[in-house]
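I opened the model to look up its contacts, its strand pairings and its unusual backbone angles. My notes follow in the order in which I made them.

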Amino acid sequence: MSTETTTTLSKKDFQSDDEVRWCPGCGDYAILSAVQTVFPSLGIPREKFVIVSGIGCSSRFPYYMNTYGFHTIHGRAPAVATGLKMSRPDLSVWVVTGDGDALSIGGNHFMHVLRRNVGVKVLLFNNRIYGLTKGQYSPTSEVGKRTKSTPLGSVDAPFNPLAVALGAGATFVARSVDIFQPHLKSVLERAAAHPGTAFVEIYQNCNIFNDKAFENVTEKSARSENVLYLEHGEPLLFGKESPRGIARSGNSLEVVDVAEDGDGAGLVQWDERLPSAALAFELATLGPGFPVPLGVFRDVAAPVYEDAVIAQVRAQEEAHPDATLEQLIRGGDTWQVAGPTS
Amino acid sequence: MSLPVAGHERGGDQSPERSDAKAPTVQRVSDVVIRFAGDSGDGMQLTGSQFTNTSAVLGNDLSTLPDFPAEIRAPAGTLPGVSAFQVRIADYDIHTPGDTPDVLVAMNPAALIANLGDLQPNSAIIANTDEFNERNFKKAGLEGNPLEDGSLSAFRVFTADITTMTRKALEDSDLDVRTKDRCKNLFALGMVYWLYSRPLENTVDWLQLKFKRRPEIAEANIKVLKAGWNFCDITQLFQVRYEVEKAALEPGTYRNIHGNSALAMGLVAASRRSGLPLFLGAYPITPASDVLHELATYKRYGVTTFQAEDEIAAVCAAIGASFGGALGVTCSSGPGIALKSEAMNLAVMVELPLVVCDIQRGGPSTGLPTKTEQSDLLQVLFGRNGDSPVPVIAAARPSDCFEVALEAVRIATRYMVPVVLLSDGYIANGSEPWRLPEIEDLPDLRTSFHDDPETFLPYMRDERTLARPWAIPGTPGLEHRIGGLEKADVTGKVSYDPHNHERMTRLRAEKVARVVQDVPDLEVHGDPDGGELLVLGWGSTLGAITGAVNQAREQGKPVSRAHLRWLNPFPANLGEVLARFDKVLLPEMNMGQLALLLRGHFLIDVQSYTKIEGKPFTRQEISDQIDRQLGASRS
Ligand code: SF4
């Protein structure tokens with residue numbers, strides 16, 4: 001094999017010559033741009049990146065990235081990526097998936113890649129709708145959603161992707177928004193640096209079938225008043241006009257006015273490295289009246305799956321340096337049949 | 001002289017002899033079939049395997065047929081709880097585990113009743129009388145004691161209080177009664193060892209190794225084994241002892257091997273010979289799990305095993321590993337293969353090497369998990385959306401799984417294609433002596449990855465094989481995208497062009513058709529120039545067909561046989577060979593799946609002979625069909 005590319009890479013190096021075919025105005029464009037900006041900054045040779053996707057609008061992603069890419073089948077990207085990463089731990093493997101792909105048809109693989117802590121990054125573009133099949137409700141669609149397949153409104157309770165990930169034992173969980181470029185890039189950098197499975201939910205606007213699904217976050221006043229940016233070691237604060245914070249009150253969390261609280265001593269100090277995922281879960285599932293947290297919900301160190309698998313194989317290889325095929329087939333009881341003596 | 005009730009003689013090689021006055025008659029037999037039957041908790045599989053291994057080391061040819069109950073532990077003493085192990089040993093080259101047992105060891109009434117129908121008049125029954133009581137008669141659905149009511153008068157019945165004598169042998173032991181009783185299968189084994197003049201050493205060594213950490217258990221088992229042997233030696237329960245000489249097998253080193261073990265070893269050998277690390281993605285399923293179990297112990301050979309969350313993840317992980325440059329393999333049975341079909345199609349589309357092993361069992365649906373069948377042939381050939389051909393190869397016998405694994409890997413890597421390897425429960429769990437190959441005689445499977453950006457396009461093709469280049473991530477300058485969407489010829493870009501789709505569909509088919517370049521011509525055993533009747537087989541029917549055809553030819557009947565190893569593509573001369581015979585008889589353990597294909601391909605009225613009982617054909621069944629076909633063509 002030839003040597004690694006060592007030249008400094010730029011965003012252009014990661015743009016493929018395939019024409020990008022998402023609908024104009026789709027949030028996927030912003031995510032693509034962020035990824036193409038972050039990848040060259042990671043110090044990883046281009047040929048070491050692999051993007052694995054499933055099926056859906058988001059899963060066209062690999063075609064637009066000038067890296068190795070594998071557009072697999074519906075829901076199965078985490079499984080393909082697991083096999084790839086186990087056999088090639090040297091690669092930087094990124095799974096791109098959507099809410100239907102990861103949480104419906106691929107729900108099983110999604111939770112298992114997380115509980116195993118395979119060293120892959122999972123970017124879930126959540127637009128709360130099926131786009132590619134032209135507008136059916138998805139497992140993250142809200143109750144009451146009217147779509148082609150729910151003309152009277154959906155009665156299915158939705159999944160909260162972060163809660164599912166935390167429940168599955170994910171070691172890195174984060175959330176960002178397609179058009180919040182600086183924030184998205186910083187979250188992607190954090191994900192890249194995490195050794196195990198890094199899960200990032202990205203709110204993604206589908207302007208064709210589910211426009212403004214995340215207005216409560218992206219709309220101008222919401223951005224400043226309704227978004228809580230998680231900062232490790234800092235108190236949970238939000239709101240520009242009227243600064244507020246999150247405090248603990250008995251068994252639950254409450255929103256408090258910072259002006260009244262004075263020095264903010266009663267506010268919850270954010271710690272993304274807590275051994276228990278309980279607080280992250282509470283923040284991931286905050287209800288009405290609370291802000292929407294963005295940033296890193298959890299980042300804890302844990303053994304990486306492929307490292308453990310490979311360590312077992314290597315230890316066995318080292319313990320039996322002379323393991324030959326001869327030994328393999330001749331292990332066990334053997335006997336000789338002599339040739340004709342005459 | 002007593003009648004040789006517990007074995008078959010052949011020709012003039014019978015040599016009865018009397019050593020001294022006390023000793024029983026020792027008689028040489030050529031071929032014997034023994035079936036050990038008991039409760040699933042009675043350790044019958046272990047007993048049978050021990051008898052097999054000892055006989056293997058003695059140099060007999062042998063063939064085994066385990067028969068597991070579907071339930072792990074059905075209620076003790078009932079018919080669904082019966083577990084059996086049949087072993088045939090011979091002093092010559094045999095092909096099947098035998099049609100009917102010469103000796104049935106019945107550890108309880110249910111085991112007797114469940115197997116009685118397979119016995120011939122004059123077969124021997126060794127029964128553990130301790131278990132023949134009212135409670136067990138009721139459980140087995142019996143009115144009275146079959147040992148006493150005359151219903152077994154056609155057979156030679158030998159009785160022994162096996163449980164009582166086991167306890168007696170362990171009188172001095174501190175073990176509890178339950179643990180003592182668990183040794184009783186070794187008593188029965190000791191008896192059968194005596195009857196067939198087998199040494200105990202092999203089993204003694206094995207017990208010592210197996211219970212290394214619990215020497216008291218090893219000691220108890222050994223004591224009981226010897227007690228069983230001594231019981232026969234002292235009581236003269238049997239007046240005749242038998243000997244089965246070494247078989248005149250081809251010279252070489254042998255070991256006894258199960259199909260699934262041979263498959264696992266074959267995959268490791270293919271990995272070593274190709275220089276590609278082996279990656280197995282699997283999900284537990286009967287009767288394929290042993291391949292996963294065995295490969296999990298071969299980490300020293302650089303093998304990675306992945307027990308996935310489901311069948312789909314298992315094959316997808318293998319595809320991911322192949323994409324990364326490993327030897328991706330998945331292993332399952334029919335229901336699992338059904339789940340894998342979409343991913344197999346992905347491998348067809350992205351043209352990556354992959355080996356999919358299907359250890360067939362009775363279907364449809366959950367079907368008969370522990371029983372054998374050949375009914376996945378059409379599933380693996382056609383059970384995917386779109387025009388999606390894949391090469392299919394089938395193992396014929398336990399040791400053949402080794403070679404077939406190498407072949408499957410050779411084709412998968414040379415042609416960049418998923419290959420299906422068919423085995424079945426009969427081969428997987430059955431065993432036979434395997435003449436070990438010389439490592440340097442194994443095929444050279446070395447392969448190389450493309451690494452030159454100047455000459456690279458993802459879907460350019462090799463002239464001979466039509467394989468596309470294997471370009472693995474990490475190679476500078478070869479960054480490219482693959483996926484399940486239709487690809488443009490040569491460039492591999494996504495393409496919806498109608499002409500391109502037709503071209504690519506034909507290219508994928510042509511690539512699989514070209515595998516025929518690596519498929520040897522079909523060989524006819526018997527009359528190569530043709531004749532009245534050809535018996536054609538595939539997969540595990542080889543043994544019964546070979547036995548029946550050899551016998552028929554010895555009797556001067558005009559019948560030949562041939563065996564198909566590749567089911568897709570067929571050998572180039574298949575049509576021509578079939579046309580040389582007036583009639584073609586095709587036995588299959590399904591409703592005639594290959595027959596349907598051959599009729600369609602060659603417009604020949606193949607005579608389909610089917611059996612769908614979850615059991616392999618007996619030689620006799622094939623013999624009867626041969627006679628029927630020959631008779632019909634003469635009348
Ligand atoms: S349908 Fe929606 S998600 Fe899909 S490309 Fe169009 S805007 Fe984007």
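**Entry 1: two domains of chain B**

I began inside chain B and found 2 residue pairs in polar contact across the interface of domain 1 and domain 3, both residues of a pair being at pLDDT 80 or more. A polar contact here is a pair of N or O atoms within 3.5 Å; within protein, one must be able to donate a hydrogen and the other to accept it, and residues adjacent in sequence count only if both atoms are side-chain atoms. By class, the side of domain 1 of chain B that touches domain 3 of chain B has 1 nonpolar, 2 polar and 2 charged residues. For these classes, Ala, Val, Leu, Ile, Met, Phe, Trp, Tyr, Cys and Pro count as nonpolar, Asp, Glu, Lys and Arg as charged, and the others, Gly among them, as polar.

I noted that this is a predicted model, in which local features need pLDDT of at least 70 and side-chain atom pairs count only at pLDDT 80 or more, while totals for chains, interfaces and linings use all residues. Residues are numbered from 1 along each chain as its sequence is written, chains are lettered from A and ligands numbered from 1 in the order in which they are written, and side-chain values use heavy atoms, with hydrogens and water left out.

I then looked up the domain bounds, which come from an automatic or database domain assignment. For chain B the assignment gives domain 1 (25-243), domain 2 (255-441) and domain 3 (531-634). The C-alpha centres of domain 1 and domain 3 of chain B lie 36 Å apart. Their contact (heavy atoms within 4.5 Å) takes 5 residues from domain 1 of chain B and 10 residues from domain 3 of chain B.

Domain 1 and domain 3 of chain B bury about 490 Å² between them, with 60% of it on carbon and sulfur atoms. Buried area is the accessible area (1.4 Å probe) that two parts lose on being put together, summed over both. In domain 1 of chain B, the residues that lose the most area to domain 3 are B:H95, B:T96 and B:D99, together 83% of what that side buries. I counted 0 salt bridges between these two domains, a salt bridge being a side-chain nitrogen of Lys or Arg within 4 Å of a carboxyl oxygen of Asp or Glu.

**Entry 2: chain A against chain B**

Next I took the two chains. I find 64 residues of chain A in contact with 74 residues of chain B. The chains bury about 5700 Å² between them, 62% of it on carbon and sulfur atoms. On the chain A side, A:Y68, A:I329 and A:W335 lose the most area to chain B, together 15% of what that side buries.

How many salt bridges cross the interface of chain A and chain B? The rule finds 4, and a search of the whole structure finds 43 over all chains. I looked at B:K493 and A:D18, whose closest N and O atoms are 2.9 Å apart in a salt bridge. B:K493 lies in the loop between β17 (481-483) and α16 (498-513) of chain B and A:D18 in the segment before α1 (28-38) of chain A, so the pair joins two chains. The side chains of B:E479 and A:R46 also meet in a salt bridge (3.3 Å, N to O).

I also noted 33 residue pairs in polar contact across this interface, both residues at pLDDT 80 or more. Among the elements that give two or more residues to the chain A side are β2 (68-71), α2 (77-87) and β12 (334-337) of chain A. Helices (H or I, at least four residues) and strands (E, at least two) are DSSP runs, numbered from the N terminus. α2(A) gives the most, with 7 residues.

**Entry 3: strand pairs**

Two strands pair if DSSP finds at least two bridges between them. β12(A) pairs with strand β9 (residues 252-258) of chain B in the antiparallel sense over 4 bridges. A:Q336 stands opposite B:T253 in β9(B).

Within chain A, strands β8 (residues 237-238) and β9 (residues 244-249) pair in the antiparallel sense over 2 bridges. Their hairpin has 5 residues between the strands, and A:G239 in it takes a positive phi near 90°.

**Entry 4: backbone**

I logged a cis peptide bond from B:G363 to B:P364, with omega near 0°.
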